[in-house]
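Me: I've got a model open here and want to check the wording people use for it. Can you take me through the reasoning?

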Amino acid sequence: GSGLYIFANGDVYEGEFENGNRQGQGSYTWTDQSYYKGEWLADKMNGKGVYANSEVELEGYFENDNFIRPLH
């Protein structure tokens with residue numbers, strides 16, 4: 001299903017869950033206002049998405065929480 005989870009440290013995840021894990025489409029915002037919006041698999045950033053913080057914006061493909069390559 002879908003939902004909102006606020007972590008004890010103030011980070012926020014809003015999106016889809018499966019078996020208690022972030023799975024499907026969702027957005028995660030850290031307390032420093034950096035964020036990731038995109039696909040999740042097994043509680044990790046996996047698939048197409050956008051990560052941004054005060055210094056950089058990365059749009060492309062992620063695997064196991066790591067940026068792999070840009071869209072083009």
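**The core and its strands**

Reply: Sure. This is a predicted model, and its largest nonpolar core has seven residues: Y13, Y28, Y36, W40, M45, Y51 and F62. At least two of these core residues come from β4 (35-41), and at least two from β5 (44-52).

Me: What makes that set a nonpolar core?

Reply: The term asks for buried residues of types such as Tyr, Trp, Met and Phe, joined through side-chain atoms within 4.5 Å. Y13, Y28, Y36, W40, M45, Y51 and F62 make up such a core.

Me: Why is β5 called mostly covered?

Reply: Buried means under 20% relative accessible area. Seven of the nine residues in β5 are buried, so "mostly covered" fits.

Me: How do you know that β4 and β5 pair?

Reply: Pairing takes at least two bridges, and β4 and β5 have six, so they count as paired. They run antiparallel, and one of the bridge partnerships is W40 with M45 in β5. The two strands form a hairpin with two residues between them, where A42 in the turn has a positive phi of about 55°.

Me: And what makes β5 and β6 a pair?

Reply: Again at least two bridges are needed; β5 and β6 (residues 57-63) have six, so they pair too, antiparallel. V50 has E59 in β6 as its bridge partner, and a hairpin of four residues joins β5 to β6.

Me: Which residues does Y51 contact, leaving aside neighbours within four places in sequence?

Reply: W30, S34, Y35, Y36, V56, E57, L58 and F62. Each counts because it has heavy atoms within 4.5 Å of Y51.

Methods
Residues numbered from 1 in each chain as written. Predicted model: local features only at pLDDT ≥ 70, side-chain atom pairs only at ≥ 80, totals over all residues. Heavy atoms only, no water. Buried < 20%, exposed > 50% of the residue type's maximum accessible area, 1.4 Å probe, protein only.
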